[in-house]
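Let's take a walk through this fold together, starting from a single side chain and working outwards. Keep the viewer open so that you can follow each stop along the way.

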Amino acid sequence: MSARRSLVWLGLTPEPEQELPAAVAALRARADDRPPADLVAAERHRVERLVLRGTQRGWLRYLREVTDLVVEAATGPTTTDPRSALLAGEVVLDHHRMLIGLPGAGYTRTATQRRDLERALARLRASDNTGLSSHSHSDPRSTA
C-alpha cells in the first residue's frame with residue numbers, strides 16, 4: 001500500500017456532511033429549540049475539517065459519537081428533540097450500510113453501530129409524534 005492516504009471513503013454520500021451538523025448540534029444542545037448558531041457552526045467546521053483533512057478512521061470515530069448521541073436520545077430521558085435524533089440516526093445508518101461497497105474493514109467495524117442505530121431508530125419511530133416518516137432527510141428546523 002502506498003504512503004498516500006486512501007480517499008475512497010469520501011465518495012460515499014454527501015448527506016452526512018450536509019445534514020449532520022445541525023442535527024448533531026441539536027443533540028448536543030439538548031433542547032427543544034434550535035441549537036445556537038455558534039454550536040451549529042462549530043459542528044459544521046468539525047465535519048468540514050474531518051472531510052478535508054481527516055482519515056476514514058477519524059470520520060468513523062466521529063460517526064461513533066453521533067451514534068452514541070442517537071442511542072442516548074432513544075433510551076434516555078427525553079431532553080432532546082426526537083427529529084434531530086431520527087435524522088442523525090438515519091443518515092449515519094445509511095452511511096454505514098454503504099460501507100459494504102468499499103474496500104477495507106469499515107463495514108465490519110461498524111456492525112455494532114448499525115445494530116445500535118437500528119434499535120434506537122425503532123424506539124424513536126415508535127415514540128415519534130413529530131409526523132416525520134422514515135428516511136425523511138429534512139429537518140424542518142434546519143438552518144442549512
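Where is the place of histidine 96? In this predicted model, histidine 96 sits in helix 4. Its relative accessibility is 0%, so histidine 96 counts as buried, the cut-off being under 20%. Leaving aside residues up to four places away in sequence, histidine 96 touches Leu60, Leu63, Tyr107, Thr110, Gln113, Arg114 and Leu117.

Two of those neighbours of histidine 96, Tyr107 and Arg114, are worth a pause. Arginine 114 lies over the face of tyrosine 107, and the distance to the ring centre is 3.6 Å. As for rings paired with rings, the structure holds 1 aromatic pair.

Now zoom out to the helix around histidine 96. Helix 4 has 17 residues, and from its first C-alpha to its last it reaches 24 Å, close to the 24 Å expected at 1.5 Å a residue. Because 12 of those 17 residues are buried, helix 4 is largely enclosed by the rest of the structure. Among the buried ones are Ala88, Val91, Val92, His95 and His96. The cover over the buried residues of helix 4 includes helix 1, helix 3, helix 5 (106-109) and helix 6.

It helps to have the whole chain in mind here. Its secondary structure comes to 6 helices and 0 strands, giving the pattern α-α-α-α-α-α when read along the sequence. The chain has 144 residues, of which 42% count as buried. If you take the contacts between residues at least 6 apart in sequence, 75% of them join residues at least 24 apart.

What holds the middle of the picture? The largest nonpolar core has 29 residues, and those with the most contacts inside it are Leu20, Tyr62, Val66 and Val70. Helix 1 (15-29), helix 2 (37-53), helix 3 (56-75), helix 4 (82-98) and helix 6 (111-126) each give two or more residues to this core. The largest share, 9 residues, comes from helix 3. Valine 66 is a good place to look around: not counting residues up to four places away in sequence, valine 66 touches Leu20, Val24, Ala88 and Val92. Of these partners, Leu20 and Val24 are buried residues of helix 1, while Ala88 and Val92 are buried residues of helix 4.

That brings us to helix 1. Helix 1 has 15 residues and spans 21 Å from first C-alpha to last, close to the 21 Å expected at 1.5 Å a residue. Even so, helix 1 has a kink of about 35°, centred on proline 21. Proline 21 is itself buried, and the list of buried residues in helix 1 also includes Pro16, Glu19 and Leu27. Helix 2, helix 3 and helix 4 are among the elements that cover the buried residues of helix 1. Just after helix 1 comes arginine 30, with a positive phi near 55°.

For a contrast with histidine 96, finish at threonine 112, which is found in helix 6. Is threonine 112 buried or partly exposed? With a relative accessibility of 39%, threonine 112 counts as partly exposed, because that value falls between the 20% limit for buried and the 50% limit for exposed. Threonine 112 and arginine 64 are 48 residues apart in sequence, yet their C-alpha atoms are 9.9 Å apart in space.

How values were computed:
Residues are numbered from 1 along each chain as its sequence is written. This is a predicted model: local features need pLDDT of at least 70, side-chain atom pairs count only at pLDDT 80 or more; totals for chains, interfaces and linings use all residues. Side-chain values use heavy atoms; hydrogens and water are left out. A nonpolar core is a set of buried Ala, Val, Leu, Ile, Met, Phe, Trp, Tyr and Cys residues joined through side-chain atoms within 4.5 Å. Buried means under 20% relative accessible area, exposed over 50%, partly exposed in between (1.4 Å probe, protein chains only). Helices (H or I, at least four residues) and strands (E, at least two) are DSSP runs, numbered from the N terminus. Contact means heavy atoms within 4.5 Å. The expected span of a helix is 1.5 Å times one less than its number of residues. The bend at a residue is the angle between axes fitted to the seven residues ending there and the seven starting there. Rings of Phe, Tyr and Trp (its six-membered ring) pair if their centres lie within 6.5 Å; planes under 30 degrees apart count as stacked, over 60 as edge-to-face and the rest as tilted. A charge sits over a ring if NZ of Lys or CZ of Arg is within 6 Å of the ring centre and within 35 degrees of the ring normal.
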